[in-house]
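Here's a walk through the sheets, helices and a few single residues of one protein model. Keep the viewer open while you read.

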Amino acid sequence: MSGILDTVNLRTQMVGQNRLELLLFGLETDQQYGINVFKVREVLQCPHLTEVPRQTTAVKGMAHIRGETIPVLDLSEAIGRTPIPQDQRQGCFLIVAEYNKRTLAFLVRSVNRIFNTQWDQIMPPPAEIGAENYLTAVFEFEGRLIEILDVEQILADLYPTPTAVSEEVATEDVRREAKQHHVLIVDDSSVARHQMQRSLEDLGVKVTAANNGRQAWNLLCQLADKGHDPSEVFLMMISDIEMPEMDGYTLTSMVREDTRMARLNVVLHTSLSGGFNVSMVKKVGADGFLAKFNPNDLASVVVERIEKVKAAR
């Protein structure tokens, strides 16, 4: 266990190589789950939790960690499984993570190992399981399927996020101009796609959504093969960074290397925390970076692009 705890923060060199490392953990059964190491700040044994009145059921209290007070979410209960009894928490672990500028801790039964793989080995969940689930991807390891949870969906269900764009950002003039434009969004999380789509449609632009980098790349290639310049079809592409099959950094690099689409404006967004994002955005040739999700921030990036295109006419 100490080896896992000591190496969680030493993995940023993996970014930009279509590779990732997953921290594998267990809940109430022997099924293994994974979380991207870049989202993990630390792992520790569950300390005493301070109860919170009127808390969401799955939020079991607050942990005081290194001078911070952090909400603790029972991950089993959050996904509809059996919660961890209070008298068993001392033998469990907290995975302290950062999502969308929010720090929280996931209460889990066990933390097992760090697994190194490629994004192209990570696959979307089988369509047969339906849309109502908390999976964002799966991969095979030692003959078993490891499930990667859609944490954005879990948090959206617990803490609903507004998607409306303020009138200060989406003025009547902006909405009128936005109707002429089309934006491509790319994200493996269904809740993230829906949040972005609702906000951008509220702004007035048309939206096409792709579930991962591979799907977006295929779409762009199909346009280019038919003689269309994707930079003229789409105002911009807004892509998540961490996605199965092809990550956002790899997608951006491939777009920049293909002369048929190299002019496409690309903004990368992620729930990952860390200063490496800014340097990697520049390295792969993206035009900007956006921490997700805030409807006004998202809309402002699109409005800025609309104004630049308008001024260049």
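What follows covers two sheets, the helices around one of them, and some loop residues.

First, some housekeeping. This is a predicted model, where local features need pLDDT of at least 70 and side-chain atom pairs count only at pLDDT 80 or more, while totals for chains, interfaces and linings use all residues. Residues are numbered from 1 along each chain as its sequence is written, and side-chain values use heavy atoms, leaving out hydrogens and water.

Helices (H or I, at least four residues) and strands (E, at least two) are DSSP runs, numbered from the N terminus. Two strands pair if DSSP finds at least two bridges between them. Axes are lines fitted to C-alpha atoms, for helices over the stretch in contact, and angles run from 0 to 180 degrees between N-to-C directions.

**The mixed sheet**

Let's start with the open sheet of five strands ordered β3-β6-β7-β5-β4, whose pairing is mixed. Its edges are β3 (40–45) and β4 (59–65), and each of them pairs on one side only. On average, neighbouring strands here are turned by 30 degrees against each other, direction ignored.

Three of the pairings are worth a click, and here they sit beside one from the other sheet:

| Pair | Sense | Bridges | Opposite residues |
|---|---|---|---|
| β3 and β6 (residues 93–99) | antiparallel | five | Val43 and Ile95 |
| β4 and β5 (residues 68–74) | antiparallel | six | Gly61 and Val72 |
| β5 and β7 (residues 102–108) | parallel | three | Val72 and Ala105 |
| β11 and β13 (residues 236–240) | parallel | four | Val183 and Met236 |

Val72 turns up twice: it is the bridge partner of Gly61, and it also stands opposite Ala105 in β7.

β4 and β5 make a hairpin with two residues between them. Arg66 sits in that turn, with a positive phi of about 50 degrees, and it is a residue other than glycine. At 70% relative accessibility, Arg66 counts as exposed (over 50%; buried is under 20% and partly exposed is in between, using a 1.4 Å probe and protein chains only).

Glu142 also has a positive phi without being glycine, near 55 degrees. You'll find Glu142 in the loop between β9 (135–141) and β10 (144–149), where its relative accessibility of 68% makes it exposed.

**The parallel sheet and its helix**

Now for the other sheet, an open one of five strands in the order β12-β11-β13-β14-β15, with parallel pairing. β12 (206–210) and β15 (288–291) are at the edges with a single partner strand each, so one side of each has no neighbour in the sheet. Here the average turn between neighbouring strands is 20 degrees, direction ignored. Helix α5 packs on this sheet and touches β11, β12, β13 and β14 (contact means heavy atoms within 4.5 Å). The direction of α5 makes about 170 degrees with that of β12.

**What else does α5 pack against?**

Two packed helices are described by the angle between their axes and the distance between the axes. For α5 (residues 190–203) and α10 (residues 295–312), that's an angle of about 55 degrees and axes 10 Å apart. That makes α5 oblique to α10 (under 35 degrees is roughly parallel, over 145 roughly antiparallel, 65 to 115 roughly perpendicular, and the rest oblique). On the α5 side the contact is made by Met196, Ser199, Leu200 and Leu203, and on the α10 side by Pro295, Leu298, Ala299, Val302 and Val303. Those residues divide into eight nonpolar, one polar and no charged (Ala, Val, Leu, Ile, Met, Phe, Trp, Tyr, Cys and Pro count as nonpolar, Asp, Glu, Lys and Arg as charged, and the others, Gly among them, as polar).

Helix α3 (residues 151–158) meets α5 as well: their axes come within 7 Å and cross at roughly 65 degrees. Glu152, Gln153 and Ala156 of α3 touch Ser190, Val191 and Gln195 of α5. By class, this contact has two nonpolar, three polar and one charged residues.

**Two loop residues to finish**

Is Asn265 buried or exposed? It is buried, with a relative accessible area of 11%. Asn265 lies in the loop between α8 (248–257) and β14 (266–270). Not counting residues up to four places away in sequence, Asn265 touches Leu235, Met236, Met237, Arg256, Asp287 and Arg305.

Lys179, in the loop between α4 (172–178) and β11 (182–186), counts as exposed at 57% relative accessibility. Leaving aside neighbours within four places in sequence, Lys179 is in contact with Gly204 and Lys206. Lys179 and Leu203 are 24 residues apart in sequence and 8.5 Å apart in space, C-alpha to C-alpha.
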